Every structure is written in structure tokens, then in C-alpha cells.
Amino acid sequence: MALIQRVFSGVQPTGNLHLGNYLGAIVNFVKLQESHSCIYCVVDMHAITVWQEPAELTRSIREVTSAFLASGIDPNKHIVFNQSQVAEHAELAWVFNCVARLGWLNRMTQFKEKAGKDRENASVGLYAYPNLMAADILVYRATHVPVGEDQKQHLELARDIAQKFNNDFGEQIRNNGFNDGLYFPQPEPLITGPATRVMSLRDGTKKMSKSDASDYSRINLSDDADTIAQKIRKAKTDPEPLPSEEKGLETRPEADNLVGIYAALAGRTKADVLKEFGGAQFSSFKNALVDVCVSRLSPITSEMKRLMADPGHVDSVLIDGANRARVIAAETMSKTKDIIGFIHKR
Ligand code: TYM
């Protein structure tokens with residue numbers, strides 16, 4: 001049985017959707033619609049691995065969905081839904097809890113960062129998080145996963161899980177008609193573009209993140225034009241003018257970051273941006289950056305606002321998407337049960 005080329009990716013509804021999420025992930029989600037069959041998921045079950053205020057969680061699920069739609073994701077041609085509506089994610093995640101090894105999870109740097117020093121007090125869900133992520137992808141037997149750089153390690157784990165499952169159950173997989181023994185594909189990360197790792201505007205060595213205490217560290221998709229301008233003008237820089245070649249950015253993380261953001265927003269390469277701005281002072285480059293940022297983001301921000309004012313519509317998109325996702329997920333889960341040896345209603 002040939003595998004369909006299918007894209008899956010997810011975004012957590014944990015507030016403060018920012019430029020890193022947009023440039024590192026959502027922009028690529030939009031592009032892939034032209035060439036692939038795509039499933040985009042608001043991963044609310046991942047969100048609750050750390051405490052979420054229930055009303056705020058509901059709002060954030062709608063906000064991420066609105067950002068998907070406002071950015072140009074077509075929920076009719078493709079699938080947009082929230083994870084908790086398709087129970088098969090949790091079901092397959094349990095199977096993967098039994099496939100993945102403790103040693104594999106112990107290596108996950110994101111858990112170490114998020115749990116911090118108080119590891120004993122972290123939820124079990126936070127620890128098992130990458131297994132659920134593998135289930136998200138593999139319950140659709142997705143082949144391609146567009147993500148930012150920070151998700152690379154989780155993707156490698158998903159590949160390891162797919163491979164171990166295929167090895168452990170090789171005979172049953174073949175008996176179920178998969179002659180090549182490849183039931184789960186090895187999902188390929190797609191980490192592309194000039195902004196796979198957008199950094200904080202306050203510190204070019206730290207990732208732009210939803211959880212940074214300083215709102216000046218990031219541009220939120222909900223920021224208005226004045227706020228964007230203020231944040232960019234206050235962004236940390238160094239005293240030198242911009243270099244005219246990319247290698248001049250190597251030891252200048254803040255300059256590198258701003259040039260990368262400009263390139264991604266303008267749909268150009270960093271080298272091309274430096275051809276234009278090499279030798280310029282940051283003050284003039286920042287003005288150009290404000291312009292490109294505002295002109296690119298403000299239509300999205302206003303469309304998001306419009307959608308957020310109509311939660312009934314947003315919820316109906318999610319319900320419709322979940323209904324279509326469930327059909328695919330249920331089929332995978334049913335075959336998975338056959339392979340494992342569970343008794344179930346077909
Ligand atoms: P999350 O919600 O933290 O981020 C969503 C997407 O945004 C990317 N991203 C960035 N890209 C560039 N620069 C940044 N500063 C930046 N910050 C975030 C992330 O890489 C991601 O692509 N575990 C995932 C969600 C998830 C998932 C999945 C992704 C759950 N299941 C299955 C893919 C497939 C996460 O926490 O992303």
C-alpha cells in the first residue's frame with residue numbers, strides 16, 4: 001500500500017502567538033497547501049501539560065484557529081481542527097508510551113528547559129509530551145511535518161517511534177497487507193526559510209517565545225501597528241552598520257535576527273536584503289522593517305479580530321475539521337489494533 005504524501009503540523013494554544021510561530025511555521029503551512037494534502041491542528045491536549053486557565057484556553061484555541069484562517073489556510077480544501085476532538089490522538093499516544101523508551105525521553109531538551117529545577121513537580125504529561133506529538137503525526141501516517149528548528153528533536157523521536165513500532169510488529173504488519181513492513185512512515189521534518197529560529201528582540205541568543213516575561217521580546221500576531229513599531233525601534237542592536245554580506249552576521253546575533261525577519265517577511269533571502277541594506281545604520285533599516293512587518297501582519301491581525309468576534313463560526317470550522325480528521329485517524333487506529341492483537345469492533 002503506497003503512502004499518501006500528507007502534511008501534518010500543530011500549534012499550541014497557549015497565548016501570545018508570535019512572529020516566530022508565524023514565520024517559522026504558519027507561513028510554511030500556507031505554502032504547502034499548494035502541493036500536499038494538509039492537516040493543521042490546534043494542539044490543546046499538549047497545552048494542558050502545563051496549567052491553563054480554562055476560559056483562557058478556550059479563547060486561545062479560537063485565536064490559533066483564527067490565525068490559521070487569517071493567514072490563508074483553507075479549511076475546506078484541507079483540515080483544521082483541535083486535537084482533543086479526535087480521541088485517537090490520545091489512544092495512539094498510549095500505544096507509543098509503551099513503544100518509546102525512558103532513555104529516549106530523558107534526552108529531550110525541551111522537557112529539561114520547561115520542567116526546570118523543579119522536575120519532581122512537572123506533570124507526567126509534560127514528560128510524555130513527545131509521544132503524543134508522535135501520535136498526532138502518525139495517526140494520519142503523515143509524511144511531512146513543517147516546524148521551526150526547536151521541534152527538530154521531537155521529530156527525531158517520532159521517527160524513532162515509527163521505526164521501533166515497525167520493527168517490533170514487523171510480522172503482523174506484513175500479515176496486514178503492508179508488504180514492505182512500513183506501517184508508519186518516517187515523518188520528515190520540513191524546517192525551511194530564513195526564519196526557522198526567530199530570536200527574542202531583547203536578546204539575539206534567546207528564542208522568541210510565548211512565555212518570555214517581556215512583551216518587548218516578541219511581536220504578537222495581535223499587536224497593532226504602533227506596538228509593532230515601538231517594539232522594533234526598541235529592539236536590541238549593536239553599534240555597527242549592517243554588513244553587506246551574510247558572513248558579516250555570524251558574530252552579530254541581533255543583526256542576524258532582524259535581517260532574517262526582514263527577509264522572511266519580504267519573501268527574500270538574507271543575502272539579497274544585505275545587498276540593499278549593507279552599510280546602512282540600524283535606524284533606517286528598522287524603519288524599513290517596521291513597514292514590511294506592519295504591511296504583512298496588519299491584514300492578518302484585522303482578519304483575526306473579525307474571526308474572534310464570531311466564535312460560532314470558528315467553532316464550526318473546528319468541528320467540521322475534526323469530523324474529517326477522525327475518519328482518517330479511526331482507520332489508522334483500527335489497523336493499529338489489528339497489528340497489536342487487540343480485539344475490537346471493525
Ligand atoms: P509551538 O506551539 O511551541 O510552536 C508552533 C510552531 O512554531 C514554531 N516556533 C518557532 N519558529 C521559529 N522561531 C521561533 N522563535 C519559534 N517558536 C515557535 C515551532 O517550531 C512550531 O513549529 N510541540 C509543538 C506542537 C506540536 C506539533 C505536533 C508540531 C504538537 N504536536 C505535531 C508538529 C507536529 C509545539 O509546542 O509548537
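How many cavities of 30 Å³ or more does the count come to? The count comes to one. Before we look inside, please keep in mind that this is a predicted model. A simple idea helps with the tour: rolling a probe the size of a water molecule over the atoms shows where empty space is left.

Let us begin with that enclosed space. The largest cavity holds about 50 Å³. Its lining is made up of Met 108, Gln 110, Phe 111, Lys 114, Leu 126, Tyr 129, Pro 130 and His 154. Sorted by class, five of these lining residues are nonpolar, two are polar and one is charged. If you would like to find the spot by following the fold, look for helices H6 and H7, as each gives at least two residues to the lining of this cavity.

Now turn to the open spaces. The largest pocket has a volume of about 1200 Å³. It is lined by 47 residues, and those closest to its centre are Gln 110, Lys 114, Asp 150, Gln 151 and Lys 207. You have met two of these names already, since Gln 110 and Lys 114 also line the largest cavity. Several elements help to build the pocket lining: strands E1 and E4 (144-146), together with helices H1, H6 (109-115), H7 and H8 (152-168), each contribute at least two residues. In terms of class, the pocket lining counts 21 polar, 16 nonpolar and ten charged residues.

What sits in the largest pocket? The ligand does. Around the ligand there is a shell of 28 residues, with Gln 12, Tyr 129, Asp 136, Asp 150 and Val 198 the closest. Tyr 129 is also on the list of residues lining the largest cavity, while Asp 150 is among the residues closest to the centre of the pocket. Strand E1 (6-11), helix H1 (19-32) and helix H7 (124-138) each provide at least two residues of the ligand's shell. By class, this shell is made of twelve nonpolar, eleven polar and five charged residues.

Finally, follow some of the polar side chains toward the ligand. Asp 136 places a polar side-chain atom 2.6 Å from a ligand nitrogen. Gln 151 also has a polar side-chain atom by a nitrogen of the ligand, at 3.0 Å. On the oxygen side, an N or O atom in the side chain of Asn 21 is 3.1 Å from a ligand oxygen. Taken on its own, the ligand has 710 Å² of accessible area, and the protein covers 97% of it.

Notes:
Residues are numbered from 1 along each chain as its sequence is written. This is a predicted model: local features need pLDDT of at least 70, side-chain atom pairs count only at pLDDT 80 or more; totals for chains, interfaces and linings use all residues. Side-chain values use heavy atoms; hydrogens and water are left out. A residue is near a molecule or strand if one of its heavy atoms lies within 4 Å of it. A polar contact is a pair of N or O atoms within 3.5 Å; within protein, one must be able to donate a hydrogen and the other to accept it, and residues adjacent in sequence count only if both atoms are side-chain atoms. Accessible areas come from the Shrake-Rupley method with a 1.4 Å probe; for residues, only the protein chains shown count as cover. On a 1 Å grid over the protein atoms alone, a cavity is a set of points where a 1.4 Å probe fits but cannot get out, and a pocket is an open set with protein on both sides within 12 Å along at least five of seven lines; lining residues have an atom within 4 Å of a point. A molecule sits in a cavity or pocket if more than half of its atoms lie within 2 Å of its grid points. Helices (H or I, at least four residues) and strands (E, at least two) are DSSP runs, numbered from the N terminus. Ala, Val, Leu, Ile, Met, Phe, Trp, Tyr, Cys and Pro count as nonpolar, Asp, Glu, Lys and Arg as charged, and the others, Gly among them, as polar. Grid points are joined across faces, edges and corners, and a volume is the space filled by probe spheres set on the points.
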